[in-house]
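Work through the following exercises with the structure open beside you, and try each task before you read its solution.

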Amino acid sequence: MDGVAQVIVGYTGGKMPDPTYQNIMDATEAVLVEFDPTVISYETILKEWSKQHYPFNKSSGQYRSAIFVKNAEEQETAQRVVAELAESKGLKIYTDTEEAGAFYRAEEYHQNFLNKQSSSRAFKIY
């Protein structure tokens with residue numbers, strides 16, 4: 001996406017430091033999106049997230065659906081986008097919106113995951 005500088009896979013939302021995939025503890029798998037707000041808005045990124053994410057199943061722990069925000073403006077935007085998604089789909093959305101805490105970069109094999117997979121494997125993008 002134009003304006004997105006990089007996307008880093010990692011872990012956040014937990015109390016224990018330095019989680020890994022093998023020892024994720026109470027953290028959640030997440031992506032950190034670095035972007036230029038003069039080129040692309042936070043809302044546009046969230047709307048793209050809503051097209052590719054499936055937040056309709058209640059889950060906890062590392063696979064829960066969550067948006068980690070840095071300030072009140074991001075919180076309001078995230079809650080609005082989630083509400084719009086729920087209304088448009090007519091389904092309950094199970095997405096937490098929480099203050100962003102420490103972010104820990106995941107292992108290298110998690111970075112660019114889809115590009116590293118065999119072309120014979122099928123992935124469903126929602």
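**Exercise 1.** Decide whether Asp-18 is buried, partly exposed or exposed in this predicted model, and find what is unusual about its backbone.

*Solution.* Begin with the relative accessibility of Asp-18, which is 55%. Because the cut-off for exposed is over 50%, Asp-18 counts as exposed. Next, locate Asp-18 in the chain, where it lies in the loop between β1 (4-12) and β2 (28-35). Finally, turn to the backbone: most residues other than glycine have a negative phi. Asp-18, although it is not a glycine, has a positive phi of about 55 degrees.

**Exercise 2.** Describe Met-25 by its place, its phi and its accessibility.

*Solution.* Met-25 is found in the loop between β1 and β2, and its phi is near 55 degrees, which is a positive value in a residue other than glycine. With a relative accessibility of 36%, Met-25 counts as partly exposed.

**Exercise 3.** Establish where Arg-64 is placed, and which residues it touches.

*Solution.* Start with the position of Arg-64, which is in the loop between α1 (42-52) and β3 (65-69). Its relative accessibility is 13%, and because buried means under 20%, Arg-64 counts as buried. If residues up to four places away in sequence are not counted, Arg-64 touches Gly-13, Thr-28, Ser-59, Asp-96 and Glu-98. With one of these, Thr-28, the side chain of Arg-64 makes a polar contact of 2.7 Å.

**Exercise 4.** Classify the one aromatic pair that the structure holds.

*Solution.* The pair is formed by the rings of Tyr-54 and Phe-56, whose centres are 4.8 Å apart. Their planes stand at 80 degrees, and because an angle over 60 counts as edge-to-face, the pair is edge-to-face. As for accessibility, Tyr-54 is partly exposed, with a relative accessible area of 39%, whereas Phe-56 is buried, with 15%.

**Exercise 5.** Which element gives the most to the largest nonpolar core, and how many residues make up that core?

*Solution.* The largest nonpolar core has ten residues in all, among them Phe-56, Ile-67, Val-82 and Ile-93. At least two residues of this core come from each of α1, β3 and α2 (72-89), and α2 gives the most, with four residues. To follow one member outwards, take Val-82, which touches Trp-49, Ile-67, Ile-93 and Thr-95 when residues up to four places away in sequence are not counted.

Terms used: Residues are numbered from 1 along each chain as its sequence is written. This is a predicted model: local features need pLDDT of at least 70, side-chain atom pairs count only at pLDDT 80 or more; totals for chains, interfaces and linings use all residues. Side-chain values use heavy atoms; hydrogens and water are left out. Buried means under 20% relative accessible area, exposed over 50%, partly exposed in between (1.4 Å probe, protein chains only). A polar contact is a pair of N or O atoms within 3.5 Å; within protein, one must be able to donate a hydrogen and the other to accept it, and residues adjacent in sequence count only if both atoms are side-chain atoms. Contact means heavy atoms within 4.5 Å. Rings of Phe, Tyr and Trp (its six-membered ring) pair if their centres lie within 6.5 Å; planes under 30 degrees apart count as stacked, over 60 as edge-to-face and the rest as tilted. A nonpolar core is a set of buried Ala, Val, Leu, Ile, Met, Phe, Trp, Tyr and Cys residues joined through side-chain atoms within 4.5 Å.
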